[in-house]
Amino acid sequence: MTELHSQVIPLELAEHSYDITVGYGLKDSLAQTLKPWNQGQKWVVLTQQAIFDIYRPVIDALQSAGYDISPIIVPGDESAKNIKHAEQVWAQMVELGCDRSSILLAMGGGVVGDLGGFVAATYMRGIPFIQLPTTLLAMVDSSIGGKTAVNLSAGKNLVGAIYQPKAVLVDPSFLETLPKRNVISSLAEAVKYGFIRDTSIFDTFVTRYADLVALNDQALLADVIAKSCNIKAQIVSNDQFENGERKLLNFGHTIGHAFETIQEYGGLYHGEAVLYGMKCASYISHKKGLLDDAEFNAAMDVLNKFELPQLGAVEPSQVLEIVGHDKKNINGTLSFILVDGIGNGVINTEVTPEDIVESLSAVA
Ligand SMILES: NC(=O)c1ccc[n+]([C@@H]2O[C@H](COP(=O)([O-])OP(=O)(O)OC[C@H]3O[C@@H](n4cnc5c(N)ncnc54)[C@H](O)[C@@H]3O)[C@@H](O)[C@H]2O)c1
Ligand SMILES: [Zn+2]
């Protein structure tokens, strides 16, 4: 295994600024990395049983190094992002003697990070938390930017807070135990950055897709992750509360979200739905003359590399209805994200229902 240096990406947000550190093996030297935050206070690590079973040595090493840290385990699926579980975590933290100086370490994917951030934002009116993402989606997307939430039966992420972590520590070696389908679907968020901001990420997917999926080139993977983190950090730093530029991160998500909702019980992963959504958004970008024929073909070629489960029957009227209800459509204007050339995401308010219906031919 080659030794790779860590890359440090600053996320500038005045007094809420923090660093995202990307490096293989970070998890094996956490006691050292977390030292600046450790004043002998009580720590908790929020995680899920399957992750704890594999990565218990990471916690054991912190305890051996003198950290007063205890695990709190939440369910292994999306059901953990629920106010009932938040309440159980708050109660366990009281029992463990956590006070306002305590630190919550969120070791897991987006579910653990979103719930952990929400608990940290609210416990005793807010305690520090640190993200230790273990899925690729969490590494390139959800651990960065401070969106924390729990779900309601009426919909996902309906209750939450924008609450920034003190640090994000990204160790890609966690990905070695992640199911392949999860790796592939999470790469959707990375290729998305290629579409909206960085042609070098797009080109990497053109030439090295198989190596990325196989996780067999550490330098390459760390580079794509670090570039992705950098783009997310810049966008969040310019627009923390999603009034403008942060909307670009929704590329592929408007129609993707409709697919996700329609196929809820068919079990389409979020990233898979977004990949289908990016095909539709590329189609509309081409139709509007923002992508020329060659760029559109290149876009579809890259998206077609991803092995995806079949998209079941999709009723155009259902898609339109869900797109119309999307919580990001403020005042009835649909802010649709298109690309004006590969690498240049733009907000477009002129996408019509006819455009959306026609774009479904790209995924038929
Ligand atoms: N906050 C944000 O900005 C943001 C952005 C995108 C998505 N999200 C949220 O992220 C969640 C999805 O996150 P996800 O895709 O990371 O899925 P996840 O957190 O549900 O993790 C997927 C599964 O993999 C397991 N797992 C995690 N790491 C592992 C590892 N290294 N080895 C083996 N198993 C492992 C988990 O226990 C879980 O069962 C959704 O709730 C979504 O709403 C949040
Ligand atoms: Zn997404």
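**Exercise 1. Strand β2 and its partners**

Task: find which residue of β2 stands opposite Pro10, then work out how β2 sits between its neighbours.

Solution. Start with the pair itself: Pro10 has Asp19 of β2 across from it. Bear in mind that everything here comes from a predicted model.

Next, look at the strand that pairs with β2 on that side. β1 (residues 7-11) and β2 run antiparallel and are joined by five bridges. Six residues separate the two strands of this hairpin, and Ala14 has a positive phi near 45°.

Now go to the other pairing. β2 and β9 (residues 167-170) run parallel, with four bridges joining them. Here Ile20 has Val168 of β9 as its bridge partner.

Last, check the side chains of β2 (residues 18-22). Tyr18, Ile20 and Val22 point to one face and are buried, whereas Asp19 and Thr21 point to the other face and are not buried. That fits the general pattern: in a regular strand, side chains alternate between the two faces of the sheet.

**Exercise 2. Leu104 and the β5/β6 pair**

Task: decide whether Leu104 is buried or exposed, and say which residue of β6 stands opposite Leu104.

Solution. First place the residue: Leu104 belongs to strand β5 (residues 103-108). Then count neighbours. Leu104 has 25 C-beta neighbours inside 10 Å, so it counts as buried, the cut-off being 20 or more.

Then list the contacts. Outside its neighbours within four places in sequence, Leu104 touches Val44, Leu46, Gly116, Val119, Ala120, Ile127 and Phe129. Phe129 is also the residue of β6 that stands opposite Leu104. The two strands, β5 and β6, pair in the parallel sense over five bridges.

How many residues of β6 (residues 129-133) are buried? Five of five. Phe129, Gln131 and Pro133 point one way, Ile130 and Leu132 point the other way, and all are buried.

For a sense of scale, take Gly324: 220 residues away from Leu104 in sequence, and 38 Å away C-alpha to C-alpha.

**Exercise 3. Helix α7: length, kink and cover**

Task: compare the expected and actual end-to-end span of α7, then locate its kink.

Solution. Helix α7 covers residues 199-214, which makes 16 residues. The expected span is 1.5 Å times one less than the number of residues, so the helix should span 22 Å, and its end C-alpha atoms are indeed 22 Å apart.

Now for the bend: α7 has a kink of about 90°, centred on Arg208.

Which residues of α7 are buried? They are Ile201, Phe202, Thr204, Phe205 and Leu212. Their cover includes α6 (180-196), α8 (218-238) and α11 (293-305).

Finish just past the helix. Leu215 follows α7 and lies in the loop between α7 and α8. Its phi is positive, about 55°, although Leu215 is not a glycine. Most residues other than glycine have a negative phi. With 17 C-beta neighbours inside 10 Å, Leu215 counts as partly exposed.

**Exercise 4. Two loop residues and a helix residue**

Task: sort Arg125, Thr177 and Met278 into buried or exposed.

Solution. The cut-offs you need are 20 or more C-beta neighbours for buried and 12 or fewer for exposed.

- Arg125 sits in the loop between α4 and β6. It has 7 C-beta neighbours inside 10 Å, so it counts as exposed. Its phi is positive too, about 65°, and it is not a glycine.
- Thr177 is in the loop between β9 and α6. With 11 other C-beta atoms within 10 Å, Thr177 is exposed. Its C-alpha lies 17 Å from that of Gly23, 154 residues away along the chain.
- Met278 is part of helix α10 (residues 270-287). With 30 other C-beta atoms within 10 Å, Met278 is buried. Beyond its neighbours within four places in sequence, it contacts Lys192, Phe195, Phe251, Gly252 and Leu303. The C-alpha atoms of Met278 and Leu338 are 9.1 Å apart, with their positions 60 residues apart along the chain.

**Exercise 5. The shell around ligand 1**

Task: say which residues come nearest to ligand 1, and how the shell divides by residue type.

Solution. There are 28 residues around ligand 1, and Gly109, Gly110, Val111, Thr135 and Ser142 come nearest. By type, the shell has nine nonpolar, 12 polar and seven charged residues. As for where they come from, α2 (49-64), α4 (110-122), α5 (136-142) and β8 (155-162) supply at least two residues each.

Terms used. Residues numbered from 1 in each chain as written. Chains lettered and ligands numbered in written order. Predicted model: local features only at pLDDT ≥ 70, side-chain atom pairs only at ≥ 80, totals over all residues. Bend = angle between axes of the 7 residues up to and from the residue. Contact = placed C-beta atoms within 7 Å. Near = placed C-beta within 6 Å. Nonpolar A, V, L, I, M, F, W, Y, C, P; charged D, E, K, R; others polar. Pairing = 2+ DSSP bridges.
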